[in-house]
Amino acid sequence: MNPRKKNVIKKTVDLVMTVLLLCLMAYQVTGEALHEWFGIAMTVLLIVHHILNLRWYASLFKGKYNLYRIATVLVNTALLASIALTALCGMSMSAHAVPFLYGLLPVSFARRFHLAMSFWSFILMGVHLGLHIPAMGAGLKWNGKVRAALAAVSAAAAGTGFWLFFRNTIPDYLFFRVPFAFLDYDKSAFLVFAENIAILIAFAFLGALFAFLVRKSRRRKREEKPEKNET
């Protein structure tokens, strides 16, 4: 396959997966049946995503590992595990998409794990996206004012996202403190998606900040090497 065409397909799959994740986190908007079918679509796209990125797996045991690469591998591995567990537990409770798999795991176990792993998948997806932002924006020629404005807007959105993260008691779901999600069915669809996007941005901001700091540190070390050689 043409590398450029493959890259377009990969980016399209990533974008659709991100949109699907936002839809999956909006259960009170989509309802049970649509939520299940979105989950099946997400599972299929996850498989496609990893087929398209087989070269990444082939390179895991090659080359040196710096701080950024270690973080990327850890986040990607944790994300894959959390999404796989979310899908498995979701299918074990399915009443619409794959009802023949109902009871594959004990329902009480599947419900609690599906809830926790879905939120882990959500925040890890945010970090995963953020880790790639510096590389994606490296070729963009923005002046200092534009960069500062984007950083300020991103920080404000991230701050809002973290506030919503704690206000909506998401840590309780992440650490198995409650068996059920407490959803506001009176909240408008727009507000549900807006809040989820803000929370996703918050963790993407963390990932991007980490990646920027690592890149800056590596750049500084490269600049210092010639000076040491001169002395």
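# Legends to views of an all-helix predicted model

**Figure 1. Order of the secondary-structure elements in the protein chain.** Read from the N terminus, the elements of the protein chain follow the order α-α-α-α-α-α-α-α-α. The model is predicted. In total, the protein chain contains nine helices and zero strands. The C-alpha trace of the protein chain extends over about 70 × 40 × 35 Å along its principal axes.

**Figure 2. Burial, contacts and surface of the protein chain.** The protein chain comprises 231 residues, of which 35% count as buried. When contacts between residues at least 6 apart in sequence are considered, 76% of them join residues at least 24 apart. The exposed area of the protein chain amounts to about 14,200 Å². Carbon and sulfur atoms supply 69% of this area.

**Figure 3. Charges of the protein chain and a positive surface patch.** The protein chain carries 26 positive and 11 negative charges, and the mean positions of these two sets lie 12 Å apart. Arg215, Lys216, Arg218, Arg219, Arg220 and Arg222 form a positive surface patch. One of the patch members, Arg215, is located in helix α9, which covers residues 189–230. The relative accessible area of Arg215 is 31%, so this residue is classed as partly exposed. Membership of a patch requires over 30% relative accessible area and no salt bridge; the 31% of Arg215 therefore satisfies the area criterion.

**Figure 4. Threonine 169 in the loop between α7 and α8.** Helix α7 covers residues 144–167 and helix α8 covers residues 170–174, with Thr169 found in the loop between them. The phi angle of Thr169 is near 50 degrees, a positive value in a residue other than glycine. With a relative accessible area of 34%, Thr169 is partly exposed, because the partly exposed class lies between the 20% limit for buried residues and the 50% limit for exposed ones.

**Figure 5. Phenylalanine 176 in the loop between α8 and α9.** Phe176 lies in the loop that separates α8 from α9. Its backbone also shows a positive phi, near 60 degrees, in a residue other than glycine. The side of the cut-offs on which Phe176 falls follows from its relative accessible area of 30%, which means that the residue is partly exposed. Helix α9, at the other end of this loop, spans residues 189–230 and contains Arg215, a member of the positive surface patch shown in Figure 3.

How values were computed
Residues are numbered from 1 along each chain as its sequence is written. This is a predicted model: local features need pLDDT of at least 70, side-chain atom pairs count only at pLDDT 80 or more; totals for chains, interfaces and linings use all residues. Side-chain values use heavy atoms; hydrogens and water are left out. Helices (H or I, at least four residues) and strands (E, at least two) are DSSP runs, numbered from the N terminus. Buried means under 20% relative accessible area, exposed over 50%, partly exposed in between (1.4 Å probe, protein chains only). Contact means heavy atoms within 4.5 Å. Accessible areas come from the Shrake-Rupley method with a 1.4 Å probe; for residues, only the protein chains shown count as cover. Lys and Arg count as positive and Asp and Glu as negative; His and the chain ends are not counted. The place of a charge is taken as NZ of Lys, CZ of Arg, CG of Asp or CD of Glu. Patches are made of residues with over 30% relative accessible area and no salt bridge: like charges are joined within 9 Å, nonpolar side chains (Val, Leu, Ile, Met, Phe, Trp, Tyr) within 5 Å. A salt bridge is a side-chain nitrogen of Lys or Arg within 4 Å of a carboxyl oxygen of Asp or Glu.
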